[in-house]
Amino acid sequence: MIMYLRTLRLRTAALAILLVCSYALHSQEQGNAENPMALWYTAPAANWNEALPLGNGRLGAMVYGGIDTAVLQLNVETVWAGEPGNNIVPELLDVLPEIRRLIFADEHKAAQELANSVLPWDLQKGNNYGMPYQTVGDLRVIFANDTPLDDYYRELDIARALSTVSYRRGGVNYKRETFASLTDNVIVMELTADQHASLSFRVELDSPHPSGSVEVEEDRLALRGTSSDFESKTGRVDFTTRVAAKLTGGRMEATDSSLVVTAADTVVLFVSTGTNFFDYQHLTAKPDDRADSALDAAYAQPFDTLKEHHRAAYANYFDRVQLDLGSTEAVTAPTDERLAAFGEADDPQLAALYFQFGRYLLISSSQPGTQPANLQGIWNRQLTPPWDSKYTVNINAEMNYWPAEPTNLSELHEPLFGMVRDISRSGRASADSMYAARGWNIHHNTDAWRIAGVVDGAFYGLWPSGGAWLSQHLWQHYLYSGDTAFLREYYPILKGAALFYKDNLQTEPEHGWRVISPSMSPENAHHDGVSIAAGTTMDNQLVHDVFANVIQASAALGTDGEFADSLAQLMPQLAPMQIGRWGQLQEWMHDWDRQDDRHRHVSHLYGLYPSNQISPYRTPELLTAARTSLEARGDESTGWSMGWKVNLWARFLDGDHALELIRDQLKPATGDGFGERGGTYNNLFDAHPPFQIDGNFGCTSGIAEMLLQSHDGAVHILPALPTAWSEGSVTGLRARGGFEVGLRWTNGAVDTVTVRSALGGNLRIRTYVPLTGAALREASGDNPNPLFAVPTVAPPVIRPESYRADARAPRVYEYDVTTSAGDVVTLTADR
């Protein structure tokens, strides 16, 4: 017994020495700011917009880093209000002919009023405008310690997807590490101290759900609840959250609703949540079984094993892309201070961190088999969040996935594909019952139940083209991957989108163009209180892409040629883009654009980005008109709108203006109020305001576009490099055709280009400086690689006789290299 106690004391002393060394090393790393991929702060989060996000695609947590009380705000991807069911209004079909007649008679206000009569802003009894995504509740760790505090530090290491909080209190160094395990489907928190028996606290769960109840079962906390009733639907998503504690030293006791830990050396908390959500039509899973299964499996493993498994799985995604834009003394400041100074400071590394933070958020909120990232990704503290935190598919949901292919996270696109597959089924009811059309469509919003009807009335919601935009992601994935099996699987969905538009096209009387009617330019009014219109520019661009995708997919698969031919015959009848009276790209079929319009949506520029119909090299008239439109719109807007504009300015090949947008976006945002001033919260979340995650993803995509583009017939190297990023490097960016690209540059020009070919085929390189390398030859003609095909765009209708294109396209060098699958091509600047 004496020998046992002596051995125990020696082990305890050794553990204390190791912990002291660990804290000392951490403090040194903190002071030197050695981790460029850390968001770090010297105080706990004062509010939700300062808390730090963790997620594994299914579970989300916001870590506040509190001292007296440590809070994890918890989410699960399938906790949504309501129940299965669509929101189709078949009464629209009865008035559709008259709405179309009024539009073509230039009686748009009357058409709007008639549409409003069947699709009012105020919800009709028995229908719904979509369900809100909802929080689960909070985990609270309440400490019994009121001694003075020193050396507080908290960080989110996005290179490891790990949150750390450390501080000294009463002469004891405390540390908490938390992660949402990608491999074990639980949230794990380890609490340690560098002195024996120093951990004493109480663990509680609570929830804002009226149905929530907490109890202790076999030394585990259990929170059970049911999602909310909302509008016409009854809440039917049942959820169970369980929390278990694993102690080294000390003891644990249970009350009726909490776990009480006393004098422990180390404690590991495990948080697991299950729901009854099986799919958008069925709620048949067992929440308790799901929660228990994941918790039991994780509890049996040591913390370090769980942490290493998670780190390795996360690194498989994150480490694919490395970006170095240089570093200055600014990196030694906490993240909130860097954000406040960014507008005037020389801090290129913050832009690199922000780029990687967007990739971190996509990895954390979208994993194969989960729901796609919603308006807030996976993080939401409310029962009725702004815009219900749904999927707004007239820009926002699509923007969430803009980084997926170019920043080498292709697998994380899968949840969006799954949602498109679901909507291609639920959207058949919309196409048939509301438009008497074949195929499928969706309007501007959906939710976990895959509603396809109009949301928020006719002014905002009578836009039948959400499916057209969503389907572009299927085609883009094919262009980047060359995966013909994927294309064959999803071809019926692409065809269904085309069928809807083929049946829904109307002949407008003035020019005989085939257009969509009724529709709108999303959320914008062309006259006071009137959005309804025919042949809006964005719709025309979308229909062009839907038809072109099916035609090319048919050829690639060698199938369905007759249908493809029928679409090809319609293509010349579609309305062309038009340049209006002040040299702008028209937003509508009529020249209604106002030069003082600062609307957040720039829908008519879809053809420039994310589509590729407008090009500096192929369509200089349209490029100039698009630029005139964007200059009139201005820079400052909502966060997501500024994210879109970063991409647009990159497509204009204007890196300095794109960087100005990033500087505008990386300015401190405060408060939760609604507005259109953009900005970024201290935790680097995008502000509309309030928080919307799409702006984060939009800026990440935009930075990728500044460094590499492949939409315009070639792999364009450093197409929009800002003057301020004169030296740097990037590895792992992806281009169409299955190419992975690494770049190094100095003095604002590329030095070396390294390309890995996954598929083989012709590699066409476009640069601003001449290159040299083995098997390099000057390019001529069209790129023979079909994954780089560029669209045929009808000449624009130009109204001002004095209009002149100002393409502003710099001189380029183009080269071809023939590659085989697995080849690595290295090219260097010839200077």
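## Exercises on a predicted model

Pro690 sits in the loop that runs between α17 (655-665) and α18 (694-707). Keep in mind while you work that this is a predicted model.

### Exercise 1: cis peptide bonds

Find out which residue is joined to Pro690 by a cis peptide bond, and which residue has a cis bond to Pro518.

**Solution.** Start with Pro690, in the loop between α17 and α18. Its cis partner is Pro689, and omega for that bond is about 5°. Now go to Pro518, which you'll find in the loop between β21 (514-516) and α13. Here the cis bond runs from Ser517 to Pro518, with omega near 0°.

### Exercise 2: positive phi

Work out where Ala263 and Asp560 lie, and what phi is for Ala263 and for Asp560.

**Solution.** Take Ala263 to begin with. This residue is in strand β15 (residues 258-264), and its phi is positive, about 55°, although it is not a glycine. Ala263 has a relative accessible area of 26%, so it counts as partly exposed.

Next comes Asp560, in the loop between α13 and α14. Its phi is also a positive value, near 60°, and again the residue is something other than glycine. With 23% relative accessibility, Asp560 is partly exposed.

### Exercise 3: the α13 and α14 pair

Describe how α13 and α14 cross, then say which residues meet there.

**Solution.** Geometry comes before residues here. Helix α13 covers residues 537-557 and helix α14 covers residues 561-570; their axes come within 9 Å and cross at roughly 145°. The crossing is left-handed.

Now the residues. On the α13 side you have Phe547, Val550, Ile551 and Ser554, and these meet Gly561, Phe563, Ala564, Leu567, Ala568 and Leu570 of α14. Sort them by character and you get eight nonpolar, two polar and no charged residues.

### Exercise 4: Phe547 and the cores

Which residues have the most contacts inside the largest nonpolar core, and what does Phe547 touch beyond its sequence neighbours?

**Solution.** The largest nonpolar core has 234 residues. Those with the most contacts inside it are Leu92, Ile158, Leu462, Phe547, Trp644, Met706 and Ile717. Zoom in on Phe547 and skip its neighbours within four places in sequence: its contacts are Ala498, Tyr501, Lys502, Leu505, Leu567, Leu570, Met571 and Leu574. Don't overlook the second, separate core, which has 12 residues, including Val186, Val188, Val268 and Ala298.

### Exercise 5: two arginine contacts

Which side chain makes a polar contact with the side chain of Asp206, and which one does so with the side chain of Arg338?

**Solution.** Asp206 belongs to strand β10 (residues 199-206). Leave out residues up to four places away in sequence, and Asp206 touches Val136, Gly137, Asp138, Arg140 and Leu223. The polar contact is with the side chain of Arg140, at 2.8 Å. Asp206 is partly exposed, at 29% relative accessible area. While you're there, look at Gln73: it is 133 residues from Asp206 in sequence, but their C-alpha atoms are 9.8 Å apart.

Arg338 is in helix α6 (residues 335-341). The side chain of Arg338 makes its polar contact with the side chain of Gln349, at 2.7 Å. Beyond its neighbours within four places in sequence, Arg338 is in contact with Ala330, Val331, Ala333, Asp347, Gln349, Leu350 and Leu353. Its relative accessibility is 5%, so Arg338 counts as buried.

### Exercise 6: buried or exposed in a loop?

Decide whether Gln301 and Gly535 are buried or exposed, and list what Gln301 and Gly535 contact.

**Solution.** You need one cut-off: buried means under 20% relative accessible area. Gln301, in the loop between α4 (287-299) and α5 (303-318), has 18% relative accessibility and therefore counts as buried. Its contacts, leaving aside neighbours within four places in sequence, are Asp184, Lys246, Leu306 and His309.

Gly535 is in the loop between β21 and α13. At 1% relative accessibility, Gly535 counts as buried. Apply the neighbour rule of four places again, and Gly535 is in contact with Val515, Ile516, Asn540, Trp588 and Met589. As a last step, check the C-alpha separation from Asp336: it is 46 Å, with the two positions 199 residues apart along the chain.

Note on methods:
Residues are numbered from 1 along each chain as its sequence is written. This is a predicted model: local features need pLDDT of at least 70, side-chain atom pairs count only at pLDDT 80 or more; totals for chains, interfaces and linings use all residues. Side-chain values use heavy atoms; hydrogens and water are left out. A nonpolar core is a set of buried Ala, Val, Leu, Ile, Met, Phe, Trp, Tyr and Cys residues joined through side-chain atoms within 4.5 Å. Buried means under 20% relative accessible area, exposed over 50%, partly exposed in between (1.4 Å probe, protein chains only). Contact means heavy atoms within 4.5 Å. Helices (H or I, at least four residues) and strands (E, at least two) are DSSP runs, numbered from the N terminus. Axes are lines fitted to C-alpha atoms, for helices over the stretch in contact, and angles run from 0 to 180 degrees between N-to-C directions. A crossing is left-handed if the near helix is turned anticlockwise from the far one by less than a right angle, and right-handed if clockwise. Ala, Val, Leu, Ile, Met, Phe, Trp, Tyr, Cys and Pro count as nonpolar, Asp, Glu, Lys and Arg as charged, and the others, Gly among them, as polar. A polar contact is a pair of N or O atoms within 3.5 Å; within protein, one must be able to donate a hydrogen and the other to accept it, and residues adjacent in sequence count only if both atoms are side-chain atoms.
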